[in-house]
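Trainee: I would like to learn how to read a metal site in a model, and then how to read the residues around it. Could we go through it step by step?

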Amino acid sequence: MDKPVEDIGWTRTAIALHWGTAALIIAGFALGEYMGDLAVSPMKLKLYSYHKWLGVTVFALAVIRLAWRAFNAPPPFPQKMPSWERAAAKAAHALLYALLFAIPIIGWLGSSAHGFQTVYLGVIPIPDLLPKSKELADLLEEIHEQLNHALFLIVIAHIGAAVKHHFIDKDDILRRMLGGGGRK
Amino acid sequence: MKRLAALFLTMLIFIPGALYSAPVERDKSSISFLTRQMGVPVSGSFKRFDADVSHDPKDAGKSRASITIYMDEVDAGSDDGTVEIKRKPWFDVKNHPKAEFVSSSIKELGPGRYEVAGKMTIKGRTREVLAPVAVKKDGGLWLFEGGFTINRLDFSIGEGPWADTGTVDDKVEVRFRLLAPVEEKNNKRRLK
Ligand code: HEM
Ligand code: HEM
């Protein structure tokens with residue numbers, strides 16, 4: 001594994017996974033919002049596929065992240081962080097993890113229900129668990145959308161919290177996730 | 001009106017050759033197709049078609065088939081796809097409401113296996129196609145099953161930006177499953 005940063009920082013693996021996921025999520029979200037209203041065109045077909053591939057990648061990274069986490073305890077919160085804030089941070093992170101799984105899974109199931117298999121990168125077919133069904137497809141699409149709205153709100157709060165830690169609490173939370181070497 | 005219909009019927013009966021080919025059982029028959037879009041297999045089907053098939057197991061050369069497909073009742077596998085595929089760059093259903101297949105020769109490959117050559121016309125373009133067909137009796141019906149692959153661009157299906165085969169593959173697999181009544185008498189009469 002990576003060299004531990006003291007004992008209290010995130011490993012480089014964790015940092016790379018966090019920002020890799022963040023970048024893909026933001027791209028996938030923007031693409032999801034944009035592609036739906038396009039007129040049918042080759043571009044639309046491409047964007048839908050890219051969206052799905054991004055989502056499948058996010059899912060794979062989420063699996064890797066949880067596996068990483070099982071063997072690497074996250075660094076402790078700063079001592080002066082009040083317990084309600086710790087609880088809130090834990091809950092928000094748990095929710096984020098849950099959504100990193102739920103959104104791609106629901107997206108994939110919805111795609112199956114629409115009758116479109118997901119073929120990762122156009123090469124690796126992911127089996128369809130659900131048969132084609134219009135009602136199911138509409139329902140799953142709605143859930144996919146609502147979960148995305150939830151994700152959006154939580155990520156905003158998450159970013160807000162990071163900014164608050166950095167500028168108001170003046171602690172190392174943001175710096176240690178940016179790879180700035182952790183607490184001195 | 002009734003008299004006209006009766007006249008029409010008698011005409012049919014007395015014009016040799018007009019009657020003996022048996023129209024297929026529409027509810028049981030199907031014509032479907034499979035495309036690949038960004039590597040994803042997407043299937044669709046033609047909901048309305050007429051097909052006349054006459055089959056003579058003793059003399060395959062006498063068998064023949066003709067199929068007319070009403071393009072407006074296509075199902076492309078999704079709501080968006082079904083709207084899109086009828087438009088001008090694809091099937092251009094308004095100007096080309098029908099697609100047609102007419103067999104030109106039938107060769108026996110083995111017991112119950114044939115190779116049908118024929119002309120396929122879609123969107124006003126005609127191309128030769130060659131389809132292996134398996135034939136067997138299914139209840140009181142002949143079951144004809146087979147398929148062939150066309151290149152959609154040969155028929156100008158998907159023009160302009162859609163001609164990009166990186167998005168929608170050029171190859172389209174067409175599969176058919178036709179059930180037609182076994183009409184021994186007709187077959188005999190025709191042999192004379
Ligand atoms: C991290 C992963 C993902 C994110 C952030 C995400 C985000 C989004 C967003 C924001 C939308 C637009 C919802 C709307 O307002 O209508 C959307 C739509 C969609 N997503 Fe995802 N998605 C993800 C993964 C997936 C995956 C893995 C698949 C399929 C394999 C998928 C399939 C779809 C489909 C088919 C739509 C379109 C629904 C429509 O036509 O309106 N998504 N996604
Ligand atoms: C956009 C999607 C994002 C997702 C899904 C996400 C998800 C997560 C998750 C699940 C954790 C907890 C890691 C763990 O305990 O194992 C985390 C931590 C963190 N995230 Fe994000 N994040 C995102 C974006 C951002 C952004 C844009 C920022 C900064 C502005 C940020 C800053 C942080 C920080 C500083 C931590 C570390 C918290 C700590 O050290 O205890 N994240 N993120």
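Trainee: Which protein atoms are the donors of the iron atom of ligand 2?

Mentor: One begins with the N, O and S atoms within 2.8 Å of the metal. In this predicted model, the protein donors of that iron atom are NE2 of H18(A) and NE2 of H158(A), which lie 1.9 to 2.0 Å from the metal.

Trainee: What is the geometry of the site of the iron atom of ligand 2?

Mentor: Six donors count as octahedral if opposite donors are over 155 degrees apart and all others between 65 and 115. The iron atom of ligand 2 has 6 donor atoms with angles of 85 to 179 degrees among them, and its site is octahedral. The two histidines also tie together parts of chain A that are 140 residues apart in sequence, because H18(A) lies in helix α1 (residues 12-35) and H158(A) in helix α4 (residues 134-167).

Trainee: Are H18(A) and H158(A) buried or partly exposed?

Mentor: Buried means under 20% relative accessible area, and partly exposed covers the range from there up to 50%. H18(A), with a relative accessible area of 13%, is buried, whereas H158(A), at 27%, is partly exposed.

Trainee: Which residues come nearest to ligand 2?

Mentor: Here one looks beyond the metal to the whole ligand. There are 18 residues around ligand 2, and those that come nearest are H18(A), R69(A), Y97(A), H158(A) and R176(A). Two side chains place an N or O atom by an oxygen atom of the ligand: that of Y97(A) at 2.6 Å and that of W10(A) at 2.9 Å. For H18(A), a polar side-chain atom lies 2.7 Å from a nitrogen atom of ligand 2.

Trainee: How does the iron atom of ligand 1 read, and what is its arrangement?

Mentor: The procedure is repeated for this ligand. H51(A) and H144(A) coordinate the iron atom of ligand 1, each through NE2, at 2.0 Å. The arrangement is octahedral because the 6 donor atoms subtend angles of 88 to 179 degrees. This pair links distant parts of the chain, with H51(A) in helix α2 and H144(A) in helix α4 of chain A, 93 residues apart. Both H51(A) and H144(A) are buried.

Trainee: How many residues surround ligand 1, and which are the closest?

Mentor: Ligand 1 is surrounded by 21 residues, the closest being Y48(A), H51(A), E141(A), H144(A) and N148(A). By class, this shell holds 9 nonpolar, 8 polar and 4 charged residues. Polar side-chain atoms of H51(A) and of H144(A) each lie 2.8 Å from a nitrogen atom of the ligand, while an N or O atom in the side chain of E141(A) is 3.2 Å from an oxygen atom of ligand 1. The elements that give two or more residues to this shell are α1, α2 (42-71), α3 (83-114) and α4 of chain A.

Trainee: How would I read a residue such as S112(A), and which side chain does its own side chain make a polar contact with?

Mentor: One takes location, accessibility and contacts in turn. S112(A) is found in helix α3 of chain A and counts as buried at 2% relative accessibility. Its side chain makes a polar contact with that of D128(A), at 2.7 Å. Not counting residues up to four places away in sequence, S112(A) touches D128(A), L129(A), L130(A), P131(A) and K132(A).

Conventions: Residues numbered from 1 in each chain as written. Chains lettered and ligands numbered in written order. Predicted model: local features only at pLDDT ≥ 70, side-chain atom pairs only at ≥ 80, totals over all residues. Heavy atoms only, no water. Donors = N, O, S within 2.8 Å, 3.2 Å for Na, K, Ca; no water. Tetrahedral: all angles 85-135°; square planar, octahedral: opposite > 155°, others 65-115°. Helix = DSSP H or I, 4+ residues; strand = E, 2+ residues; numbered from the N terminus. Buried < 20%, exposed > 50% of the residue type's maximum accessible area, 1.4 Å probe, protein only. Near = heavy atom within 4 Å. Polar contact = N/O pair within 3.5 Å; in protein donor to acceptor, adjacent residues only side chain to side chain. Nonpolar A, V, L, I, M, F, W, Y, C, P; charged D, E, K, R; others polar. Contact = heavy atoms within 4.5 Å.
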